[in-house]
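Here's a walk through a protein model, written for someone just starting out with structures. Keep the 3D view open and follow along.

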Amino acid sequence: MHLQKKYGYLLLPLLFLLLTSCEEENGSSNVRSLVRFNFISSTIKEQVSLFDSLTVTAEETQDTLIYKASSINHISLPLPYEEQQVTYMLSYSAQVRDTVWLTYTNAAHFISMQQGISMYYTIKTVEHTKHLIDSIVTQNPAINETEKENFQMYFTTTE
Amino acid sequence: MKQRKKISKCISLLLSSLLFFSLSLSAQEKKKIRFKRDIKPEKVVVDSVARTELYQGLFVGIDLYGLGNKIFGGDYISSEVTIEVNLKNRFFPILEIGYGSSNFTDETTQISYQTKAPFARIGLNYNFQYKKKNLSYLYLGFRYGFTSFSYDLSSPDIEDEIWNTETTYAHTGLQSNAHWIAFVAGIKVQVYNQFFMGWALRYKSLLRVKDNIQGSPYYIPGFGTNNGSTLGISYQLIYQF
């Protein structure tokens, strides 16, 4: 092998170095894990869009989690980082509302340098009132940054 | 600020690459105007008898890329020694032993990661130039790598904007281990007497890494950033015994 050809080959990794060091990095802040309830009709046993108006609030915060949503077939709600329980109030109108209680364990989890830390939860118990909610069935008790169906929330409906 | 740093790093790398290539080209141009009688023939070592024997020698090398990685903006520094046996100039069983460390803080999220641990890889290279009389090697190979290590992860307090709380996140001594395979393609050429230089591209794929609930390791000594699979490179200075 000629010398200049040999040294030319030896310099090729510089190209690799150049390409890898110019990679774009996208930064973002911590990702929030959400618990997802899919709305199911107790009559037809399918996911349906319900309510002309739905407002969701939680105890120990002034924030409204969902404000006057309509025609939605699911809700995705945050959970507190520091507590191991949460109380949600689902208000369908000024007079009608349900309350849902969740208890859980949690642990802060490092996802990646760019996506940061996310709180992971494991649901222990779920309880609720029965004004419009018929039942709540747990589908997946593990809650992480990948949103998926955690609960099926059955509502009393008529055909 | 971060992007400007990246751009200036890219420009400096580009300039240094161009400088290397222009030096190489100018050296070639000078050679063109020399008379043929002035050019000394390249020293070629031919030992046809020895090449038929099973044991052809031993290579011991050090990786320069892992040592220089931090200078070029990498998240880690790694040093390793390779021991390679030449069998019939065709098969090269290889053992790579090294020490990798990372002490990295992300500029955006301010998450810090620290680890340092030894690692080992074993494998085999196959030289496609086994019939050539000159001392250059073009090879494909595979590796199996493993390491056992502990790591530290910390972050600024995690703010819960809805319930107005802050959660601390700092974990030390999280235990992990990892196993991976790699496919290697590279060259190795004689540069002076018993000294060789060479580089290899490596496609690495994780077989298993032990996770913790607090988070997976960001960097795995000997493997690199904890992606399922990744491309890597080694640049070696080698001595033949």
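In chain A of this predicted model, strand β1 (residues 34-41) lines up with β4(A), and the two pair in the antiparallel sense over 5 bridges. Take Phe37(A) as a landmark here: opposite it, in β4(A), stands Ile75(A). Strands β1 and β4 belong to an open sheet of 4 strands in chain A, with the order β4-β1-β10-β8 and mixed pairing. At its edges you'll find β4 (74-78) and β8 (133-138) of chain A, each of which pairs on one side only. On average, neighbouring strands of this sheet are turned by 25 degrees against each other, if you ignore direction.

What holds strands side by side like this? Strands of a sheet pair through backbone hydrogen bonds, and they can do it in a parallel or an antiparallel way.

Chain A has another open sheet, this one made of 6 strands. Reading across, the order is β3-β2-β5-β6-β7-β9, and the pairing is antiparallel. Why do β3 (64-69) and β9 (142-143) of chain A each have one side without a neighbour in the sheet? They stand at the edges with a single partner strand each, so one side is left free of a sheet neighbour.

Now zoom in on two strands of that sheet. Strand β6 (residues 97-112) of chain A and strand β7 (residues 116-128) of chain A run antiparallel to each other, paired over 12 bridges. One spot to click on is Tyr104(A), whose bridge partner in β7(A) is Ile123(A).

Thr103(A) also sits in strand β6 of chain A. Is Thr103(A) buried or exposed? The answer is in between: Thr103(A) has 13 other C-beta atoms within 10 Å, so it counts as partly exposed. Not counting residues up to four places away in sequence, Thr103(A) touches Gln84(A), Gln85(A), Lys124(A) and Thr125(A). Try finding Glu83(A) too: it is 20 residues from Thr103(A) in sequence, and their C-alpha atoms are 9.0 Å apart in space.

Time to bring in chain B. Here's how the two chains look side by side.

| Feature | Chain A | Chain B |
|---|---|---|
| Helices and strands | 2 helices, 10 strands | 3 helices, 10 strands |
| Order from the N terminus | α-α-β-β-β-β-β-β-β-β-β-β | α-α-β-α-β-β-β-β-β-β-β-β-β |
| Buried residues | 21% of 159 residues | 30% of 241 residues |
| Contacts 24 or more apart, out of those 6 or more apart in sequence | 51% | 60% |

Finally, let's look at the nonpolar cores. How many residues does the largest one have? It has 51, and the residues with the most contacts inside it are Tyr121(A) and Tyr113(B). Strand β6 (residues 165-192) of chain B gives the largest share of this core, with 8 residues. Apart from this core lies another, of 6 residues, and Phe37(A) and Ile75(A) are among them, along with Ile40(A) and Phe151(A). So that facing pair from the start, Phe37(A) and Ile75(A), turns up again in this core.

Back in the largest core, have a closer look at Tyr113(B). Once you leave aside its neighbours within four places in sequence, Tyr113(B) is in contact with Ser102(B), Phe104(B), Tyr151(B), Leu153(B), Tyr218(B) and Tyr219(B).

Conventions:
Residues are numbered from 1 along each chain as its sequence is written. Chains are lettered from A and ligands numbered from 1 in the order in which they are written. This is a predicted model: local features need pLDDT of at least 70, side-chain atom pairs count only at pLDDT 80 or more; totals for chains, interfaces and linings use all residues. A nonpolar core is a set of buried Ala, Val, Leu, Ile, Met, Phe, Trp, Tyr and Cys residues joined through C-beta atoms within 7 Å. A residue is buried if 20 or more other C-beta atoms lie within 10 Å of its own, exposed if 12 or fewer, and partly exposed in between; C-beta atoms are placed from the backbone. Two residues are in contact if their C-beta atoms, placed from the backbone, lie within 7 Å. Two strands pair if DSSP finds at least two bridges between them. Axes are lines fitted to C-alpha atoms, for helices over the stretch in contact, and angles run from 0 to 180 degrees between N-to-C directions.
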